[in-house]
Amino acid sequence: MRRLYLRMHYASVEGISKSFGIRTLFKDISFHIEEGDKIALVARNGTGKTTLLKILAGLDTPDEGTVWIHKDVHTVMLPQEPTFGAHQNIRDYLLHLNHPIIEVVKAYESFITQENQKEEILAELISKMDDCEAWGFENDLEQILGKLNIHHLEEKIENLSGGQKKRVALAATLLECKLYDGKSLLIMDEPTNHLDVEMIEWLEEYLDAQKVTLILVTHDRYFLDAVCNEIIEIDNYQTYVYKGNYDNFLEQKSLRYEVQKSELQKDNNIYRKELEWMRKQPKARTTKSKSRQDAFIEIESRVKATTEVNDISLQMKMTRLGGKVLEMKKVNKSFGKKIILKSFDYTFKKGERIGVVGKNGVGKSTFLRIALQQELPDTGKVNHGETVVFGHFSQEGLQYKEDKRAIEYVKSIAEFFPLSDGSKISASQFMEKFGFNGEQQFTYLTKLSGGEKRRLHLLSILFRNPNFLVLDEPTNDLDLQTLRVLEEFLLEYPGCVLIVSHDRYFMDRMVDHLFVFEGDGVIKDYPGNYSQYREFLLTFQKEKSKTETTKNKQEEKIGHITTKKLSYKEKIEFEKIETELSNLQQEKQTLEKRIPTLSYEEMIKATERINEIMIQLDEKEMRWLELSEKI
């Protein structure tokens with residue numbers, strides 16, 4: 001008889017609302033989370049995604065409604081902007097969790113540093129380490145830290161960059177989730193920010209393989225598709241649940257809009273009739289007329305509500321690019337021993353769309369600043385064409401000296417945006433194209449959410465009408481609707497585009513070829529988008545592995561053919577190897593027996609030594625076999 005697997009109910013959100021002052025983020029929203037759900041939360045910037053995640057994690061409270069979390073479920077949250085203790089180092093932050101495994105590891109390490117050790121206490125601690133399988137904790141820690149490129153655990157967190165801090169917080173979050181062995185609700189706010197593509201792909205595989213229940217906010221659509229099996233959208237204060245991937249979400253949302261349009265047309269017909277009645281201002285305020293007025297107010301709110309994202313179709317009237325655009329000749333740049341550019345040569349052509357990819361720290365942002373002449377190269381020349389107007393979207397974000405309303409900020413650049421057909425649209429209309437409604441346009445800059453500031457920064461760059469766009473991580477913190485608007489804008493954009501981004505979906509749509517930063521100043525020009533490049537890499541690695549296997553087999557065959565008697569020197573070497581093999585085996589066995597009694601630091605050193613011994617044993621055993629075959 002087939003057994004039914006009953007999923008545990010993890011959490012419920014019932015009719016919650018949240019406002020800040022006169023601004024309503026969401027109202028009366030409800031949804032449920034079951035064991036094994038992997039949910040993406042989708043909504044416009046400024047509609048409270050981060051606030052909703054904080055409410056789920058117990059870090060904020062709703063104005064109305066209730067949030068229920070199962071008593072056996074442990075919530076773990078990765079915030080968009082993590083906070084750390086003063087003067088805290090990486091190790092302390094990772095081991096600050098209140099959990100039996102962490103506690104027993106701390107107690108064990110503390111005890112073995114003491115001078116007067118009692119054997120019975122040591123035996124008890126070792127037993128506890130065995131009981132809660134704490135010996136495997138270091139393996140999990142090493143794997144996660146290695147994949148996220150986190151080293152030097154004694155480093156003070158206050159000395160780290162923003163990206164490094166986010167990766168440390170991510171490591172701590174994954175580790176905490178692992179400790180609770182699947183009975184945890186993992187909450188993540190933009191987990192892919194500050195990760196290079198290899199890290200993002202590892203995180204995809206990790207979350208997909210783990211027994212974890214997850215709700216997250218992300219702008220990375222490939223990541224969303226790889227990890228999530230459900231999408232919850234907040235639109236016009238209401239929630240909509242979609243099963244499946246991002247493409248299915250877009251299709252179902254489009255169908256929903258079609259139904260809403262049909263209903264809106266009916267509402268409009270009723271609204272026109274009721275508006276005429278309302279304008280007559282009936283003096284008799286009977287119960288019947290009062291209910292009719294209430295019904296009118298309700299239908300008016302539906303008619304005036306704007307639920308659909310404005311499609312952007314702006315044929316820009318930009319300054320024409322001349323024959324000379326941007327030239328970089330024999331450009332070199334280093335920071336100490338770290339080489340960023342080595343004799344880099346490139347002449348940019350009209351209409352080129354180039355993506356810049358590579359691991360974090362290889363100098364991608366530095367390359368953009370040198371191209372813009374914001375930073376000087378060590379040697380070489382950077383020449384700009386006379387007609388080039390750059391638009392630089394930097395990671396620093398929106399810069400302003402005084403607080404003002406969003407519309408005032410945009411109007412300080414220009415009142416109107418010129419189009420190619422000779423017409424123009426106002427600053428307000430341009431802002432509407434990027435999702436700023438009337439209320440948001442008159443919001444002060446300091447009151448905008450992080451995502452709204454990024455969106456305003458982006459549209460202010462585009463509003464200047466540049467003919468060469470330089471975009472440094474433009475997709476970070478933008479909502480998915482704005483990303484679609486940006487992509488449609490750029491697909492129609494006739495100028496040059498130079499993009500640094502870890503968003504693979506965005507890069508696949510936007511660029512024609514890639515500058516691949518391989519490190520040590522090596523930059524390769526790959527003709528294609530990111531997915532094509534990754535496919536090329538995988539094929540290359542398979543072919544390389546196949547070639548090496550064939551080569552090894554050939555060498556092995558040649559070795560058998562050329563077998564001969566040992567020389568005097570080889571006889572001495574053979575006897576020496578036998579002695580060395582015996583000594584190495586004995587040392588390995590001794591270290592393995594001592595590991596349970598060693599301190600944390602000594603365990604690491606012992607493990608490293610055992611790995612070295614195993615490598616030496618493999619090498620010496622291979623040589624011993626070669627010599628023994630000759631005897």
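Helices and strands here are DSSP runs, numbered from the N terminus. With that in hand, let's work through some exercises on this predicted model.

**Exercise 1. Place Glu-375 in the chain and decide whether Glu-375 is buried or exposed.**

Step 1: Look for the elements on either side. Helix H11 covers 364–371 and strand S13 covers 379–384, and Glu-375 sits in the loop between them.

Step 2: Check the accessibility. Buried means under 20% relative accessible area. Glu-375 has 19% relative accessibility, so Glu-375 counts as buried.

Step 3: Find the surroundings. Apart from neighbours within four places in sequence, Glu-375 is in contact with Lys-333, Phe-335, Thr-366, Arg-369 and Ile-370. With one of these, Arg-369, there is a polar contact from side chain to side chain at 3.0 Å.

**Exercise 2. Find which residue forms a salt bridge with Lys-359, and work out what the pair ties together.**

Step 1: Recall the idea. Side chains of opposite charge can pair when their charged atoms come close.

Step 2: Name the partner. It is Glu-198, and the closest N and O atoms of the two residues are 3.7 Å apart. A salt bridge needs a distance within 4 Å, so this pair qualifies.

Step 3: Locate both ends. Lys-359 lies in the loop between strand S12 (353–358) and H11, while Glu-198 belongs to helix H7 (residues 197–209), so the pair ties together parts that are 161 residues apart in sequence.

Step 4: Check the accessibility of each end. Lys-359 is partly exposed at 45%, and Glu-198 is partly exposed at 45%.

**Exercise 3. Describe the salt bridge between Asp-220 and Arg-504.**

Step 1: Read the distance. From N to O, the two side chains are 3.4 Å apart.

Step 2: Locate the ends. Asp-220 is in the loop between strand S7 (213–217) and helix H8 (221–227), and Arg-504 is in helix H17 (residues 504–510), so parts 284 residues apart in sequence are tied together.

Step 3: Check the accessibility. Both Asp-220 and Arg-504 are buried.

**Exercise 4. Work out which helices the salt bridge of Arg-609 and Glu-587 links.**

Step 1: Start from the bridge itself, where the side chains meet at 2.9 Å, N to O.

Step 2: Assign the helices. Arg-609 is in helix H20 (residues 600–630) and Glu-587 in helix H19 (residues 568–594), with their positions 22 residues apart in the chain.

Step 3: Check the accessibility. Arg-609 is partly exposed at 24%, and Glu-587 is partly exposed at 30%.

**Exercise 5. State how many salt bridges the model has.**

Solution: The count comes to 30 salt bridges.

Note on methods: Residues are numbered from 1 along each chain as its sequence is written. This is a predicted model: local features need pLDDT of at least 70, side-chain atom pairs count only at pLDDT 80 or more; totals for chains, interfaces and linings use all residues. Side-chain values use heavy atoms; hydrogens and water are left out. Helices (H or I, at least four residues) and strands (E, at least two) are DSSP runs, numbered from the N terminus. Buried means under 20% relative accessible area, exposed over 50%, partly exposed in between (1.4 Å probe, protein chains only). A polar contact is a pair of N or O atoms within 3.5 Å; within protein, one must be able to donate a hydrogen and the other to accept it, and residues adjacent in sequence count only if both atoms are side-chain atoms. Contact means heavy atoms within 4.5 Å.
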